[in-house]
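Open the model in your viewer and keep the selection tool at hand. The stops below are taken in order.

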Number of protein chains: 2
Amino acid sequence: MADPTPSGESLLFLTDEQLRKGIEAMFFAYRGFTADPDRILETMDYGRAHHRAVHFIHRSPGTTVSNLLAILGVTKQSLNRVLRTLVDDGLVEARVGRKDKRERNLYLTAKGQELERELSDAQRARMRAAYRAAGPQAVAGFRTVLEAMMDPDQRRQYQGLKESGA
Amino acid sequence: MADPTPSGESLLFLTDEQLRKGIEAMFFAYRGFTADPDRILETMDYGRAHHRAVHFIHRSPGTTVSNLLAILGVTKQSLNRVLRTLVDDGLVEARVGRKDKRERNLYLTAKGQELERELSDAQRARMRAAYRAAGPQAVAGFRTVLEAMMDPDQRRQYQGLKESGA
DNA sequence: GAATTTACGTCAGCCTTGTTGACTTTCCAA
DNA sequence: TTGGAAAGTCAACAAGGCTGACGTAAATTC
């Protein structure tokens, strides 16, 4: 992006008040963002943690447990509890690694893909509505600011599969 | 297939892939958004719930308990647990309502304001850095999309106190 | 003035999802 | 052969959601 004045804040008048509005916007928007999947999950025995696992396994089929740990930023005990129920319920398959047999490669089963679709359909519908209401320029800005707000490590996780056409 | 990067005039041709990136951007950015306050809170006996309470009492001094319940969207039992520790620790003062003595008007004490300052300084610093890196146009888009993503009720809470100068 | 409603507080118990610590099994690689 | 990484498991605990039930004071309504 072209940044005409990287020199300082002179162009961007950032009062505490404006920043506070941004902070609250994040708070309220994130609630909306999770509201639809949460409603679906609550009818089952699952929670947001299951959603996250299913999402990232869907995004990167065959990913390992440690990989998932790095992305989700939780302990293996915490992830394992969630993963175990998903495997037991037949939503996720954990295949022993071909090259390194210590690893477990994670895949969604047909049933798991069904849940993933249901959840992401709901979440995408809201995202799509917001994008349409805001317009293309706003969408670009939205993504730019969010990216700038991430921790460097998180940004790497995010961008790591940004062009996942490989 | 490769996703055409939505640049400029590209009308709202929203592929699932683009929406997925938006979803993940929200996930990773929200983690960054809460990371700094979380680090501060974790050294004390407080958590994110305390932060939220302190934030909104700071924003609306004298607000009532039911008001706070509506904004935070939790049960009174849940809020009360948090509020009680804040009052006990001398961060929040709960004055009996002057007009309606059933109500409790909530205020931050000097000590409470100190914590609020510490937390919001950290959060604002990150927000400010992201805003500067992204530029004014991106910031406007960011806010527009976030607003569109909120539930109508939440949006009302958000806009309800827009008045202060902005 | 009595009855009802409202605002708030609290006790008790449950769930999800995070944590730490300790231990085992498997298996790659030096 | 041995060290250590990867994964799984058990146990215990905490934060912070939730529901239900109950109590009290104050306001409102009948």
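The tour goes from the two chains to a helix pair and then to a pocket.

**Stop 1: both chains.** This is a predicted model. Colour by chain and superpose chain B on chain A: the operation is a rotation of 180° with 0.0 Å of shift along its axis, and the RMSD is 0.1 Å. The two copies are therefore related as by a two-fold rotation axis. The same surface serves both copies, since 95% of the contact residues of chain B recur in chain A. To find the axis from chain B, select B:Phe142, whose C-alpha lies 1.8 Å from it, the closest of the residues of that chain.

**Stop 2: a helix pair in chain B.** Select H2(B) and helix H5 (residues 110-134) of chain B; their axes are 10 Å apart and the packing angle is about 105°. H2(B) is therefore roughly perpendicular to H5(B). Now show side chains. On H2(B), pick B:His51, B:Val54 and B:His58; they meet B:Gly112, B:Glu116, B:Leu119 and B:Gln123 on H5(B). By class, the residues of this contact are two nonpolar, four polar and one charged.

**Stop 3: the second largest pocket.** The space in this pocket comes to about 720 Å³. Centre the view on A:Tyr30, A:Arg48, A:Arg52, B:Tyr30 and B:Arg48, the closest to the pocket centre of the 31 residues that line it. Then add the helices: elements giving two or more residues to the lining include H1 (16-42), H2 (48-59) and H3 (65-72) of chain A, and H1 (16-42), H2 (48-59) and H3 (65-72) of chain B. Coloured by class, the lining shows twelve nonpolar, eight polar and eleven charged residues.

Definitions and conventions: Residues are numbered from 1 along each chain as its sequence is written. Chains are lettered from A and ligands numbered from 1 in the order in which they are written. This is a predicted model: local features need pLDDT of at least 70, side-chain atom pairs count only at pLDDT 80 or more; totals for chains, interfaces and linings use all residues. Side-chain values use heavy atoms; hydrogens and water are left out. On a 1 Å grid over the protein atoms alone, a cavity is a set of points where a 1.4 Å probe fits but cannot get out, and a pocket is an open set with protein on both sides within 12 Å along at least five of seven lines; lining residues have an atom within 4 Å of a point. Grid points are joined across faces, edges and corners, and a volume is the space filled by probe spheres set on the points. Helices (H or I, at least four residues) and strands (E, at least two) are DSSP runs, numbered from the N terminus. Ala, Val, Leu, Ile, Met, Phe, Trp, Tyr, Cys and Pro count as nonpolar, Asp, Glu, Lys and Arg as charged, and the others, Gly among them, as polar. Axes are lines fitted to C-alpha atoms, for helices over the stretch in contact, and angles run from 0 to 180 degrees between N-to-C directions. Angles under 35 degrees count as roughly parallel, over 145 as roughly antiparallel, 65 to 115 as roughly perpendicular and the rest as oblique. Contact means heavy atoms within 4.5 Å. Copies are superposed by least squares on the C-alpha atoms of residues with pLDDT of at least 70 in both.
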